[in-house]
Amino acid sequence: MHFDFFVEGGDFTKAGSASSELKRILKQLNIKPAIIKKTVIALYEAEVNIVAHAYEGKIMIDLTPEEIHIVLDDKGPGIPDIPLAMQKGYSTASQKVREMGFGAGMGIPNIKNNCDNLIITSEVGKGTRLEITTRINT
Ligand SMILES: Nc1ncnc2c1ncn2[C@@H]1O[C@H](COP(=O)(O)OP(=O)(O)OP(=O)(O)O)[C@@H](O)[C@H]1O
Ligand SMILES: [Mg+2]
């Protein structure tokens with residue numbers, strides 16, 4: 001099964017809609033609650049990162065009996081230092097984003113802790129790509 005979503009940068013009113021939709025789909029498919037929970041947390045953080053840090057992005061989800069494979073591809077400033085961005089507490093969030101309660105620098109560490117494999121690639125000035133994989137048969 002394949003699902004696509006579009007994410008608009010800066011639009012916090014819709015942040016989290018792809019992860020809510022994925023939650024609904026995984027529940028219908030009777031996926032284990034623990035797997036649903038971690039996958040939805042990982043996607044939520046990645047989705048909010050597009051809203052908070054990029055201009056726009058697309059989310060592509062592939063579900064197989066073995067795994068949930070999510071790719072988030074955004075157009076945005078990119079991440080100059082990925083190992084640094086992966087550290088707990090590192091954030092470049094704007095004042096506006098912080099006022100909305102984001103910017104603790106915990107999103108990427110949270111994604112890492114809630115999936116089985118995370119691959120981040122980025123080109124400064126172009127955008128960022130996250131590939132998040134969770135195994136279902138665990
Ligand atoms: N899609 C993205 N495009 C550009 N930069 C990003 C993107 N995602 C993350 N970053 C960079 O990595 C940093 C760390 O991201 P992370 O999600 O861990 O923290 P945060 O978004 O700043 O705060 P929090 O997620 O805790 O609200 C961000 O502050 C930003 O500099
Ligand atoms: Mg974040």
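A backbone N or O atom of G107 lies 3.1 Å from an oxygen atom of ligand 1, which is a polar contact in this predicted model, the term standing for a pair of N or O atoms within 3.5 Å. Two side chains also make polar contacts with ligand 1, and the table sets them out.

| Residue | Atom of ligand 1 | Distance |
|---|---|---|
| N49, side-chain N or O atom | oxygen | 2.9 Å |
| D74, polar side-chain atom | nitrogen | 2.8 Å |

The protein covers 93% of the 590 Å² of accessible area that ligand 1 has on its own, where accessible areas come from the Shrake-Rupley method with a 1.4 Å probe.

Around ligand 1 there are 20 residues, of which H53, D74, S91, T92 and G103 come nearest; a residue is near a molecule if one of its heavy atoms lies within 4 Å of it. By class, this shell holds 9 nonpolar, 9 polar and 2 charged residues, with Asp, Glu, Lys and Arg counted as charged and Gly among the polar ones. The helices α2 (33-53) and α5 (107-113) each supply at least two residues of the shell, helices being DSSP runs (H or I) of at least four residues.

Turning to another residue, H2 is found in strand β1 (residues 2-8), a strand being a DSSP run (E) of at least two residues. H2 counts as partly exposed because its relative accessibility is 43%, between the limits for buried (under 20%) and exposed (over 50%), with a 1.4 Å probe and protein chains only. The C-alpha atoms of H2 and D62 are separated by 4.6 Å, although these residues are 60 apart along the chain.

Residues are numbered from 1 along each chain as its sequence is written, while chains are lettered from A and ligands numbered from 1 in the order in which they are written. In this predicted model, local features need pLDDT of at least 70 and side-chain atom pairs count only at pLDDT 80 or more, whereas totals for chains, interfaces and linings use all residues, and side-chain values use heavy atoms, with hydrogens and water left out.

How values were computed: Polar contact = N/O pair within 3.5 Å; in protein donor to acceptor, adjacent residues only side chain to side chain.
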